Amino acid sequence: MKPIAPGTVIFHRHRGYGVLTAVNLLTGWVAARFGNEARTLDLNLSTDEILHADGEPILFRRAPPERMPHARLMAMVRDLHAAGYQRLYLYSWPKPSGLHWRWQLFAGPRHWMQRPWREGWYGSGADYNFNPVLGWGDAPGASSAELIAALAKFDPAGLAQALGRDEDHTAWFAAVCAALLPNYAYSLGADTPDTPLPPQLPVMAVRQRLPPWNGPALPYPPGWRQTWSEASLAGLHAPAAVRHDVLPPGWRLPLEF
């Protein structure tokens, strides 16, 4: 089945041709506008018999879809590491509500708390639910190879900064991918400096109805200890918290994106 997203042209047996304006792959509901109608119409992919413009049926997946793109990003980064782009890193952290996780790719020096921001290199699971693309010209459901090709076309200068060796992080990342993919992903930080983290790497499911992670404890990435405060590292029982006061002057985390 071809992927769908806002802008996809569809055909409905009672309304004719229209255009999708919103897609929710968690519930199977979409919104579409037909002809000159000012208001959108809500349709269900399971019952409303919606077709692509060429007549191919659009069917709602019965298996739980991804509610966040982190596993796809991990697979893409792993492939880029194997191709020599080992200075590419994936940072992910929960939103304050705890309902979704954010993600950011960055390249160059491995500074977890001083990450350079590039357009299209960050996003949120909350946005991904309604528009399942990553933001650099990729298509919904694109494979790792297709994601890499789209990123190289979208920002070749940014991707070129990832070319180089970081063998310690590459080995850690490959081990984490082998343990977690395709249904789980890792989380690193939080939005506030006083949010505690567990001693082992936090893991979250990228699909609904999956059991909590019960695999082996996974370590944090190489160099992660350098981001903790000395007082937290010395604590016997209290888990350490991510420090955001190590940022250079004038640099701050964005509140939303």
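# Exercises on a predicted chain

Setting aside residues up to four places away in sequence, A179 contacts W213 and L218; a contact means heavy atoms within 4.5 Å. The model is predicted: local features need pLDDT of at least 70, side-chain atom pairs count only at pLDDT 80 or more, and totals for chains, interfaces and linings use all residues. Residues are numbered from 1 along each chain as its sequence is written, and side-chain values use heavy atoms, with hydrogens and water left out.

## Exercise 1. Place A179

Task: find the element that holds A179, classify its exposure, and give its C-alpha separation from L218.

Solution.
- Step 1. A179 sits in helix α5. Helices (H or I, at least four residues) and strands (E, at least two) are DSSP runs, numbered from the N terminus.
- Step 2. The relative accessible area of A179 is 29%, so A179 is partly exposed. The classes are buried under 20%, exposed over 50%, and partly exposed in between (1.4 Å probe, protein chains only).
- Step 3. The C-alpha atoms of A179 and L218 are 8.7 Å apart, while 39 residues separate the two along the chain.

## Exercise 2. Judge the model

Task: state the confidence of the chain and locate a stretch where pLDDT stays under 50.

Solution.
- Step 1. pLDDT is the predictor's confidence in each residue, from 0 to 100. The chain average is 83, and 82% of the residues score at least 70.
- Step 2. Residues 230-257 stay under 50. For this stretch the model has 57 contacts beyond four places in sequence.

## Exercise 3. Describe the whole chain

Task: count the helices and strands, then describe burial, contact range and surface.

Solution.
- Step 1. The chain has six helices and ten strands.
- Step 2. Of its 257 residues, 44% count as buried.
- Step 3. Take contacts between residues at least 6 apart in sequence: 58% of them join residues at least 24 apart.
- Step 4. The accessible surface is about 13100 Å², and carbon and sulfur atoms account for 57% of it. Areas come from the Shrake-Rupley method with a 1.4 Å probe; for residues, only the protein chains shown count as cover.

## Exercise 4. Trace the salt bridges

Task: how many salt bridges are there, and where do the partners of R15, R110 and R118 lie?

Solution.
- Step 1. Side chains of opposite charge can pair when their charged atoms come close. The rule here is a side-chain nitrogen of Lys or Arg within 4 Å of a carboxyl oxygen of Asp or Glu. The count is seven.
- Step 2. R15 pairs with E37 at 2.8 Å, N to O. R15 is in the loop between β1 (9-12) and β2 (16-24); E37 is in the loop between β3 (29-34) and β4 (41-44), 22 residues apart. R15 is partly exposed at 39%, and E37 is partly exposed at 34%.
- Step 3. R110 pairs with D166, with 2.9 Å between the closest N and O atoms. R110 lies in the loop between β7 (101-107) and β8 (122-124), and D166 in the loop between α4 (156-160) and α5 (167-180), 56 residues apart. R110 is partly exposed at 24%, whereas D166 is buried at 10%.
- Step 4. R118 pairs with D155; their closest N and O atoms are 2.7 Å apart. D155 is in the loop between α3 (144-154) and α4, and R118 in the loop between β7 and β8, so the bridge ties together parts 37 residues apart in sequence. D155 is buried at 10%; R118 is partly exposed at 26%.
- Step 5. Salt bridges with shared partners join K2, D54 and E56 into one network.

## Exercise 5. Map the nonpolar cores

Task: which residues touch the most other members of the largest nonpolar core, and which element gives the most to it?

Solution.
- Step 1. A nonpolar core is a set of buried Ala, Val, Leu, Ile, Met, Phe, Trp, Tyr and Cys residues joined through side-chain atoms within 4.5 Å.
- Step 2. The largest core has 46 residues; M74, M76, L105, W136 and Y186 touch the most other members.
- Step 3. Elements giving two or more residues include α1 (70-82), β6 (88-94), β9 (184-186) and β10 (203-205). α1 gives the most, with six residues.
- Step 4. Beyond four places in sequence, L105 touches L73, M76, V77, L88, Y89, L90, W121 and W136.
- Step 5. A second, separate core has twelve residues, including L20, V23, A32 and I50.

## Exercise 6. Check N44

Task: is N44 buried or exposed, and what does N44 touch?

Solution.
- Step 1. N44 lies in strand β4.
- Step 2. N44 is buried, with a relative accessible area of 11%.
- Step 3. Not counting residues up to four places away, N44 touches T27, G28, W29 and I50.
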